[in-house]
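Okay, thanks everyone, let me get the viewer up. I'll walk through this one piece by piece, so stop me if something is unclear.

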Amino acid sequence: MSMGRPPFDPRQPRQFQIRVNHRIRVPEVRVIGADGSMLGVMATHEALRSAHEQALDLVEVNPKADPPVCKILDFGKYKYEEKKKAGEAKRKQTVVDIKEIKLRPKTDDHDIAFKIKAARRFIEAGHKVKFTVRFRGREITHPEKAQEQLVLVIQGTEELANVEGRPLMEGRTMTVLIAPKPAIMQRVAAAKIAAEKARQQAEREGRPAPPPEESLPNLPDDDDDDDDDDDDSDDT
């Protein structure tokens with residue numbers, strides 16, 4: 001059984017298809033030469049002949065114009081350069097992720113200090129950090145302990161981050177979200193630009209690209225299942 005073409009789904013956005021050479025079916029087009037000069041309005045078959053005489057392609061660059069605008073160029077090279085530009089733009093983007101750090105009301109001061117240090121590294125890398133204190137059993141009757149912990153983590157990161165709202169109860173958890181200050185984000189953006197320039201320079205000189213930034217910490221979930229069972233057993 002032939003699979004054929006998949007059915008049309010109107011919910012999916014239609015991809016713009018660049019028309020090239022004989023796919024351009026309008027009777028006339030406005031032509032831009034390979035050197036960027038304006039050649040004016042020409043019959044499409046004449047524009048095709050001119051492109052082929054130069055061993056190049058006729059590519060529609062503005063289909064909505066009247067008549068459509070086409071350019072004579074090397075379409076293979078054009079696609080390669082467009083893909084390269086898209087890749088470079090993606091590398092330059094500053095993506096802000098939310099990193100979650102989990103606590104328990106019984107997390108000791110040493111572990112909290114360790115997690116504050118990890119949070120600072122996340123923030124300095126340009127990420128938001130969500131601290132989540134999870135209650136088990138009767139722990140929820142003492143929310144002040146979680147509030148004290150969140151005050152500690154806010155104080156431990158206050159020169160790097162702003163608090164996005166006060167601590168909130170969400171079911172059996174208390175959370176607070178902190179975000180890098182504008183100066184941190186500017187520093188992250190500048191570092192990305194410098195890294196991209198270094199990568200391009202290495203590529204031009206035929207050298208290996210500089211190593212990526214140091215990886216961020218992977219934090220274990222602060223869930224003590226054995227202790228949780230003890231807590232839950234006290235619930236009545």
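Let's start in the middle of things: which residues does Leu150 touch, not counting those up to four places away in sequence? The list is Phe131, Val133, Pro167, Met174, Thr175 and Val176. Do keep in mind that what you see is a predicted model.

Leu150 is also part of a bigger picture. The largest nonpolar core has 22 residues, and Leu150 is among those that touch the most other members, together with Ile101, Ile123, Val129, Phe131, Val153 and Ile178. Who supplies this core? At least two residues each come from S5, H3, S6, H4, strand S9, which spans 173–180, and H5. H3 gives the largest share, with 5 residues. As background, nonpolar side chains in soluble globular proteins tend to be buried together.

There's a second core too, separate from that one, with 11 residues, including Val29, Val31, Leu56 and Ile72.

Val29 takes us to the sheet. Here we have 4 strands in an open sheet, ordered S2-S1-S4-S3, with mixed pairing. Which strands stand at the edges? Those are S2, residues 38–43, and S3, residues 57–62; each has a single partner strand, so one side of each has no neighbour in the sheet. From one strand to the next, the twist averages 35 degrees. S1, residues 28–32, pairs with S2 in the antiparallel sense, over 5 bridges, and Val29 has Met42 in S2 as its bridge partner. Now rotate a bit and look for helix H1, residues 44–53: H1 lies across S1, S2, S3 and strand S4 (69–73), and runs at about 125 degrees to S2.

Next, one polar residue. Thr132 sits in strand S6, residues 128–134. Is Thr132 buried or exposed? Buried, because its relative accessible area is 7%, and the cut-off is under 20%. The Thr132 side chain does have a polar contact, at 2.7 Å, with the side chain of Glu100. Beyond its neighbours within four places in sequence, Thr132 is in contact with Glu100, Ile101, Lys102, Leu103, Thr173, Met174 and Thr175. Met174 and Thr175 also turned up on the Leu150 list.

Last topic, charges. How many salt bridges does the structure hold? There are 8, and I'll show you three.

Lys84 pairs with Glu203, with the closest N and O atoms 3.9 Å apart. Lys84 is in helix H2 (residues 75–92) and Glu203 in helix H5 (residues 182–205), so this pair ties together parts that are 119 residues apart in sequence. Lys84 is partly exposed, at 37% relative accessibility, and Glu203 is partly exposed at 47%.

Then there's Arg199 with Glu196, where the closest N and O atoms are 2.8 Å apart. Both lie in helix H5, 3 residues apart, which is about one turn of the helix. Arg199 counts as buried with a relative accessible area of 19%, and Glu196 is buried at 5%. Through shared partners, salt bridges join Lys84, Glu196, Arg199 and Glu203 into one network.

And the third: Glu139 and Arg104 meet in a salt bridge at 2.6 Å, N to O. Glu139 is in the loop between S6 and helix H4 (143–157), while Arg104 is in the loop between strand S5 (98–103) and helix H3 (109–124), so to speak distant parts of the chain, 35 residues apart. Glu139 and Arg104 are both buried.

That's my tour, over to you.

Note on methods. Residues are numbered from 1 along each chain as its sequence is written. This is a predicted model: local features need pLDDT of at least 70, side-chain atom pairs count only at pLDDT 80 or more; totals for chains, interfaces and linings use all residues. Side-chain values use heavy atoms; hydrogens and water are left out. Buried means under 20% relative accessible area, exposed over 50%, partly exposed in between (1.4 Å probe, protein chains only). A polar contact is a pair of N or O atoms within 3.5 Å; within protein, one must be able to donate a hydrogen and the other to accept it, and residues adjacent in sequence count only if both atoms are side-chain atoms. Contact means heavy atoms within 4.5 Å. Two strands pair if DSSP finds at least two bridges between them. Axes are lines fitted to C-alpha atoms, for helices over the stretch in contact, and angles run from 0 to 180 degrees between N-to-C directions. A salt bridge is a side-chain nitrogen of Lys or Arg within 4 Å of a carboxyl oxygen of Asp or Glu. A nonpolar core is a set of buried Ala, Val, Leu, Ile, Met, Phe, Trp, Tyr and Cys residues joined through side-chain atoms within 4.5 Å.
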